[in-house]
Amino acid sequence: MKRSLLVPSLLALVALAGCGQEQASKSGKLQVAASFYPLAHFAEQIGGEHVQVTQVLPGGVEPHDYEPSPGDLRAISDAKAFLFNGGIDPWGDRLRADMEKNGVIVVEMAEHVDVLQNTAHEHEEEEHGEDGAEHEEEHDHGPFDPHFWMDPLSAKKEVIAIRDALMTADAAHAEEYRRNADIYLEKLNALDRQYREGLASCAIKEIIVSHDAFRYLANRYGFSTLPINGVDQEEQSARAIAELISVAKEKHIRTVFFETTASPKLSETIAEEAGAQTQVLHTIHGLTTEEGRSGETYLSLMERNLVHLRSAMQCQ
Ligand SMILES: [Zn+2]
């Protein structure tokens, strides 16, 4: 039903794009639109001075279930390339056909990474078979986990896909895009090494996180996550929370993570009940205004996450 609202407004915007185009050619830069922070940031790293990136979602908002406003979409109506994640930003899927018809290069990250299916709650439904129907409704999320960027090696695949899109959209600067991408890919390799070494020898192999956003990271580096809320931030039942508290006690988990863009309340309650402390684990869905101002980036937040993980998991 949202489709019928969005598509005509995009068509109207494309028709109006004439006034925007003048501005675009004035700046002389390749106009790139990106759904939310990590994609916009990667595009900026690759594009450098030749690219102007417009991030559709404002920094501090939760991308799950976000619907862009007409103003958000107007800002991207003269983009030559459009980057979206898949799964977390279904509105990107709805814009895709129209954009491609208008010659825009569209890249969906889900088509370039190895996706994990959304099976996190399956065994839980089995355990509570009697009220299975209710659970199914509660966990009605997309077919796959969209948090690819949290794994540095999946992030590399995104960077390569974005690089290729920029090289196609603006062949005149292709070699610079390739060079910039190589530099950033090397930084992601270094981040991967830090994680590999930092999490190689840990006493605790399970962490409690505020929503189910860390499975790509956990799979890559050999630990597992117990999420308080689901992949799309859907809330767990009181019984599931009580179970989480007893698991925390049983496994001597001393840290319960929370995230900056959601309420820490449930994490605090679980930590209190389990005799644990709380700590931030950033999902990097977006940067708050303060984080942006203080120069935080994908890499700095990933490095801080590693420090917090090493402490929670008691790594040597
Ligand atoms: Zn998320």
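Where does His282 sit? That opens the set; keep in mind that this is a predicted model.

**Exercise 1. Place His282 and work out its surroundings.**

Step 1: Start with the chain. His282 is in the loop between β10 (277-280) and α13 (289-293).

Step 2: Check the exposure. The relative accessible area of His282 is 4%, and buried means under 20%, so His282 counts as buried.

Step 3: Look for a polar partner. The His282 side chain comes to 2.9 Å from the backbone nitrogen of Ile284.

Step 4: List the neighbours, skipping residues up to four places away in sequence. His282 then touches Met150, Phe214, Thr260, Glu291, Leu301 and Asn305.

**Exercise 2. Follow one of those contacts, Leu301, and describe its setting.**

Step 1: Find the element. Leu301 belongs to helix α14.

Step 2: Check the exposure again. Leu301 is buried, at 2% relative accessible area.

Step 3: Go through the contacts, leaving out neighbours within four places in sequence. Leu301 meets His282, Ile284, Leu287 and Glu296.

Step 4: Compare sequence with space. Leu301 and Leu281 are 20 residues apart along the chain, and their C-alpha atoms are 8.8 Å apart.

**Exercise 3. Find any disulfide and say what it links.**

Step 1: Search the whole structure. You get 1 disulfide.

Step 2: Name the pair. Cys202 and Cys315 are bonded, with 2.1 Å between their sulfur atoms.

Step 3: Get the handedness. The angle about the S-S bond is 100 degrees, and the link of Cys202 and Cys315 is right-handed.

Step 4: See what gets joined. Cys202 is in the loop between α9 (174-198) and β7 (206-211), while Cys315 is in the segment after α14 (298-312), so the bond ties together parts 113 residues apart in sequence.

Step 5: Check both ends for exposure. Cys202 is buried at 13% relative accessible area, and Cys315 is buried with a relative accessibility of 13%.

**Exercise 4. Lay out the open sheet and the helices packed on it.**

Step 1: Write down the strand order. The sheet has 4 strands, ordered β2-β1-β3-β4, with parallel pairing.

Step 2: Pick out the edges. These are β2 (51-55) and β4 (105-108), since each pairs on one side only.

Step 3: Get the twist. Ignoring direction, neighbouring strands are turned by 20 degrees against each other on average.

Step 4: Zoom in on one pairing. Strands β1 (residues 30-34) and β3 (residues 81-84) run parallel and are joined by 3 bridges. Ala33 has Phe82 in β3 as its bridge partner.

Step 5: Add the helices. α5 packs on the sheet and touches β3 and β4, its direction making about 160 degrees with that of β3. Helix α3 (residues 37-47) lies across β1, β2 and β3, and runs at about 175 degrees to β2.

Step 6: Take a closer look at α5 (residues 90-101). Its buried residues are Trp91, Gly92, Arg94, Leu95, Arg96, Asp98 and Met99. Just after α5 comes Gly103, with a positive phi of about 85 degrees.

**Exercise 5. Which strands and helix make up the right-handed β-α-β unit that includes β9?**

Step 1: Pair the strands. β9 (residues 255-258) and β10 are parallel, with 4 bridges.

Step 2: Spot a facing pair. Phe258 is opposite Val280 in β10.

Step 3: Put in the helix. Together with α12 (residues 265-274), β9 and β10 form the right-handed β-α-β unit.

Step 4: Tie this back to the start. The loop that holds His282 lies between β10 and α13.

Technical notes. Residues are numbered from 1 along each chain as its sequence is written. This is a predicted model: local features need pLDDT of at least 70, side-chain atom pairs count only at pLDDT 80 or more; totals for chains, interfaces and linings use all residues. Side-chain values use heavy atoms; hydrogens and water are left out. A disulfide is a pair of cysteine sulfur atoms within 2.5 Å. Helices (H or I, at least four residues) and strands (E, at least two) are DSSP runs, numbered from the N terminus. Buried means under 20% relative accessible area, exposed over 50%, partly exposed in between (1.4 Å probe, protein chains only). A polar contact is a pair of N or O atoms within 3.5 Å; within protein, one must be able to donate a hydrogen and the other to accept it, and residues adjacent in sequence count only if both atoms are side-chain atoms. Contact means heavy atoms within 4.5 Å. Two strands pair if DSSP finds at least two bridges between them. A crossover is right-handed if, with the strands pointing away from the viewer, the path from the first strand over the helix to the second runs clockwise. Axes are lines fitted to C-alpha atoms, for helices over the stretch in contact, and angles run from 0 to 180 degrees between N-to-C directions.
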